[in-house]
Amino acid sequence: MPSMFTVRDPVVHRALRRPVAQKFSMSSIKSLEPFADECTKIFVDAMKDLEGQQIDLGAWLQWYAFDVIGAITFQRRFGFMEKREDVQDMIGGLESGLQYAGIVSQVPSLHGWLMGNFWVSKFLAAQPFFKVADPLRTMVQITQECIDDYDRQPQKLGVRPDFLAWLRSKETKGKPMSNRDMMNHLSNNLLAGSDTTAISLRAIIYYLVPNRSVYKKLQKEVEDADKNGKLSPYITYAECLELPYLQVALLMKVRT
Ligand code: HEM
């Protein structure tokens, strides 16, 4: 299925983008903050619970990012943080899928040959690299379940601010968006928004932690703002904009 990421024709790209562009506006994205907050609560509670123990923070940040994307896309977390594991091997599967794509996409015609040839595909399937679950299948399945669940509750039309509800409320020439287009846009979010957000969070922590002067200055700015009653329990985007060191100095200094 051609998506905003794969399509090369600018006219088709514009047509795919038009119905969803508004949902990515700043005011619309801000309405999704409560979904991130509920995930932040689970994350913070887990960190408190695990205090003093060794954890893989990189994995936790990835679980957090995936759960946030699930929550904003269709109000359903994948449950990585609650289960404290890579649910249905989705993250591991994406990782190996991307490794495969990274190599094979250099010679795209190889893909048809590798997958179309019975013996080659059998050989590949036996490799540990290929033994992980198919993450796309799982994601598509979850997305379809969420669409079906939503359709069973039509009274909620237009009330929920998540992507699924928003797309369902959209009509073109009096017709609702097709199931195929819904799947396309919703699964795009999962693929585009999870790894990117996870790696950004990891990079921030990775560069911040060893850079003690930046870390301390940032911590002081946050604590001072908190003491002065300028921060909500889950700091909002608007509140972050009032923290100048976080805004500018952090991004520049952490990198140097
Ligand atoms: C820090 C996190 C993120 C980074 C670094 C990132 C990066 C990018 C980049 C580089 C592009 C390509 C832009 C272009 O070719 O013009 C892109 C496109 C896109 N991203 Fe993100 N992204 C992030 C988060 C997200 C999230 C959270 C979502 C959805 C919930 C998302 C959805 C999309 C979509 C739908 C497109 C396609 C836009 C189009 O083709 O018009 N991204 N992103």
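The following exchange concerns the nonpolar cores and the ligand surroundings of a predicted model.

User: How many residues does the largest nonpolar core have?

Analyst: The largest nonpolar core has 42 residues. Those with the most contacts inside it are Phe 78, Phe 80, Met 81 and Leu 164.

User: And which helices supply at least two residues of this core?

Analyst: They are α3 (33-49), α4 (57-74), α5 (80-83), α6 (90-104), α9 (135-151), α10 (163-169) and α11 (179-208).

User: Which of them gives the most?

Analyst: That is α4, with 11 residues.

User: What is Leu 164 in contact with, leaving aside its neighbours within four places in sequence?

Analyst: Leu 164 contacts Thr 73, Phe 74, Cys 146, Ile 147, Tyr 150, Met 182 and Leu 186. There is also a second, separate core of 5 residues, which includes Tyr 100, Leu 114, Val 120 and Leu 124.

User: Turning to the ligand, which residues are around it?

Analyst: The ligand is surrounded by Met 4, Phe 5, His 13, Arg 17, Phe 24, Ile 69, Asn 189, Ala 192, Gly 193, Thr 196, Thr 197 and Ser 200. By class, this shell divides into 5 nonpolar, 6 polar and 1 charged.

User: Where does the largest share of the shell come from?

Analyst: It comes from α11, with 6 residues. Both α1 (10-21) and α11 supply at least two residues of the shell.

User: How far is the polar side-chain atom of His 13 from an oxygen atom of the ligand?

Analyst: The distance is 2.7 Å. For Arg 17, an N or O atom in the side chain is 2.8 Å from an oxygen atom of the ligand.

How values were computed: Residues numbered from 1 in each chain as written. Predicted model: local features only at pLDDT ≥ 70, side-chain atom pairs only at ≥ 80, totals over all residues. Heavy atoms only, no water. Core = buried A, V, L, I, M, F, W, Y, C linked by side-chain atoms within 4.5 Å. Buried < 20%, exposed > 50% of the residue type's maximum accessible area, 1.4 Å probe, protein only. Helix = DSSP H or I, 4+ residues; strand = E, 2+ residues; numbered from the N terminus. Contact = heavy atoms within 4.5 Å. Near = heavy atom within 4 Å. Polar contact = N/O pair within 3.5 Å; in protein donor to acceptor, adjacent residues only side chain to side chain. Nonpolar A, V, L, I, M, F, W, Y, C, P; charged D, E, K, R; others polar.
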